[in-house]
Amino acid sequence: MAKYNTSGLSFLLILAALCSTIWIGCAPESSSQLEGVWKVTKIVDLVEKTETDPGNMHYVITPGFIMTVGGKEDRPVVDNNFALMTPEEILSQLPAGGGFMEYEIIDGKIHRTTRFALSEYFEGKLIVTEFEVDAETLIFRDDHHADGHLREWHMIRLE
């Protein structure tokens, strides 16, 4: 029966396990659980301890990009396209809010920079957002630029 040097084999196995642990720990953080279409169900102001109904607000999250749109629930139906509408009719159709952001996940937080928003105030702003996500729910938590209040956006997955 041949004898094998098991100490060398043990060293290689330990080294391989250590290298894979280091490599996995250094791998870019994944956003795959975030990706999808999300409907905001409530917004909680953690400073004032209030909860509001966001109306018809959605987030669309893809690798590297977030789009948000909030429409008014009671918009009137206008039988014309924008080119044929009066200024008042156009204003009646506008969303209540919206934006387009680039993002990356750093240290377990979403770092998103607004590239376009209905309010120019937000353009170029970096927002660092804590988040909790599972297969069906998503919660964003961050300081709102407009008033500095810590808020949570509670969402459910649509797609």
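## Exercises on a predicted single-chain model

Among contacts (heavy atoms within 4.5 Å) in the chain between residues at least 6 apart in sequence, 42% join residues at least 24 apart. The model is predicted, so that local features need pLDDT of at least 70 and side-chain atom pairs count only at pLDDT 80 or more, while totals for chains, interfaces and linings use all residues. Residues are numbered from 1 along each chain as its sequence is written, and side-chain values use heavy atoms, with hydrogens and water left out.

**Exercise 1.** Work out the secondary structure of the chain and the order of its elements.

*Solution.* Begin with the helices (H or I, at least four residues) and strands (E, at least two), which are DSSP runs numbered from the N terminus. The chain has two helices and nine strands, and along the sequence they follow the pattern α-β-β-β-β-α-β-β-β-β-β.

**Exercise 2.** Describe how β6 is joined to β5 and to β7.

*Solution.* Two strands pair if DSSP finds at least two bridges between them. β5 and β6 run antiparallel and are joined by eight bridges, and in β6 the residue R112 is the bridge partner of Y103. These two strands form a hairpin with two residues between them, and D107 in the turn has a positive phi of about 50°. Turning to β7, four bridges join this strand to β6, again in an antiparallel arrangement, with T113 opposite L126 in β7.

**Exercise 3.** Identify the strands that supply the largest nonpolar core, and follow the contacts of Y59.

*Solution.* A nonpolar core is a set of buried Ala, Val, Leu, Ile, Met, Phe, Trp, Tyr and Cys residues joined through side-chain atoms within 4.5 Å; buried means under 20% relative accessible area, exposed over 50%, and partly exposed in between (1.4 Å probe, protein chains only). The largest such core has 16 residues, and those with the most contacts inside it are Y59, I61, I66, F140, W153 and M155. At least two residues of this core come from each of β1 (36-45), β3 (56-62), β5 (97-106), β8 (137-143) and β9 (150-157). Leaving aside residues up to four places away in sequence, Y59 touches, among others, V37, W38, I66, R112, F140, W153 and M155.

**Exercise 4.** Locate L118 and determine whether this residue is buried, exposed or partly exposed.

*Solution.* L118 lies in the loop between β6 (109-117) and β7 (126-133). Its relative accessible area is 48%, and L118 is therefore partly exposed.
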